[in-house]
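User: Could you walk me through the side-chain packing in this model, with a close look at one helix and its surroundings? I'd like the cut-offs along the way, since I may want to recompute a few things myself.

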Amino acid sequence: MSSPVIVLWSAPRSRSTAFFRSMLERGDLLALHEPLEGLAYIGPIEVGARTFTSPESLVWWLLAGDAKQPVFLKETVNPRVLEMVHAQPSFLRTAHHAFLIRDPLEIAASWWALEGDMRILDTGVEALYELFIAVGSAGGSPPAVIDSDDLVTQPASTMHTFCDAVGLPFVDGALQWESGVPAAWARTARWHVEASASTGFVAPSSPDRHGLESHDEVRRFDARHRPFYDALRAFRLVIDVPPST
């Protein structure tokens, strides 16, 4: 790849859209919001003057290095995307992969508040951990793990550390943005209401603001995925960079 490709992976409801919004604000990246998932489940996407009709076609384009600037992809882990990515060892090896993690109890409560079920049992933190292992085994750049709690409590230092890890310059101005629905996620806007209303990274006012963390299904999700969250968290970036440019 002649232009760097950075992929941020997360389970759903992990603050990844706010992370993407910050990357979009930088202005020096071709920032694509869940393009592989969109191609797998919704339909074709346009990137500049080029139209892509399948996840594979976009990955092949990225592997060819035809992008004119660094590319940032934000993706969640779901079966169809993961199946395709696991079958592309060159993509696992040559892209810079980062993993955004969040406490599974918070993920599950946020999902239940939106959907009222726990369909993410098959596409949650366990799948994220399996992809992390696959990226490490592929032999490319060491994957970077970011804890979303660090992101909302120490945004400048966390983004500075992330940028160092993936070879990007830190852009202090990208920590704030205008609220609204960017075209990048207009097709899936209902999933990103809070990110659309945000103007920066903000910690939640209450640890259980949905009042759902004692729900049986939420607890079941947490019990299944916590070991994988703990395993990923052991590799998280150490946030020790002062919040300055």
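Analyst: Happy to; the answer starts with the helix, then follows its contacts outwards to the cores and the charged pairs.

This is a predicted model, in which local features need pLDDT of at least 70 and side-chain atom pairs count only at pLDDT 80 or more, while totals for chains, interfaces and linings use all residues. Residues are numbered from 1 along each chain as its sequence is written, and side-chain values use heavy atoms, with hydrogens and water left out.

Let's begin at helix H1, which spans residues 16-26; helices (H or I, at least four residues) and strands (E, at least two) are DSSP runs, numbered from the N terminus. Ser 22 lies in this helix. With a relative accessibility of 1%, Ser 22 counts as buried, where buried means under 20% relative accessible area, exposed over 50% and partly exposed in between (1.4 Å probe, protein chains only). Setting aside neighbours within four places in sequence, Ser 22 is in contact with Met 159, Ala 174, Leu 175, Trp 177 and Phe 201; contact here is heavy atoms within 4.5 Å.

Phe 19 sits in helix H1 too, and its ring pairs with that of Phe 162 in helix H9 (residues 155-166), 143 residues apart in the chain. Their ring centres are 5.0 Å apart and the planes meet at 85°, so the pair is edge-to-face. For reference, rings of Phe, Tyr and Trp (its six-membered ring) pair if their centres lie within 6.5 Å, with planes under 30 degrees apart counted as stacked, over 60 as edge-to-face and the rest as tilted. Both Phe 19 and Phe 162 are buried. Together with Phe 20 and Phe 72, they form one aromatic cluster. Phe 20 also has a partner in space: its C-alpha is 7.2 Å from that of His 33, although the two are 13 residues apart in sequence. His 33 is found in strand S2 (residues 30-33) and, at 10% relative accessibility, counts as buried.

The helix carries charge as well. Glu 25 and Arg 21 both lie in helix H1, four residues apart, about one turn of the helix. They form a salt bridge whose closest N and O atoms are 2.9 Å apart; the criterion is a side-chain nitrogen of Lys or Arg within 4 Å of a carboxyl oxygen of Asp or Glu. Arg 21 counts as buried at 10% relative accessibility, whereas Glu 25, at 32%, counts as partly exposed. Arg 26 makes a salt bridge with Asp 28, again with 2.9 Å between the closest N and O atoms. Here Arg 26 counts as buried at 11% relative accessibility, while Asp 28 counts as partly exposed at 28%.

Now for the wider setting. The largest nonpolar core has 48 residues, and Trp 9, Leu 36, Val 85 and Leu 131 touch the most other members. A core of this kind is a set of buried Ala, Val, Leu, Ile, Met, Phe, Trp, Tyr and Cys residues joined through side-chain atoms within 4.5 Å. Helix H7 (residues 125-138) gives the most to this largest core, with seven residues. Apart from that core lies another, of 26 residues, and Phe 19 of our helix is among its members, as are Ala 98, Ile 146 and Leu 175. Back in the 48-residue core, Val 85 touches Trp 9, Leu 36, Phe 91, Leu 92 and Leu 131, not counting residues up to four places away in sequence.

Aromatic pairs come to eight in the structure. Besides the Phe 19 pair, the rings of Phe 99 and Phe 132 have centres 5.5 Å apart and planes at 85°, so this pair is edge-to-face. It joins strand S6 (residues 96-101), home of Phe 99, to helix H7, home of Phe 132, 33 residues apart. Phe 99 counts as buried at 0% relative accessibility, and Phe 132 counts as buried at 7%.

Salt bridges number 11 in the structure. One of them pairs Arg 226 with Asp 222, at 2.7 Å from N to O; both lie in helix H11 (residues 216-233), four residues apart, about one turn of the helix. Elsewhere, Arg 15, Arg 102, Glu 106 and Asp 149 are linked in a network of salt bridges.
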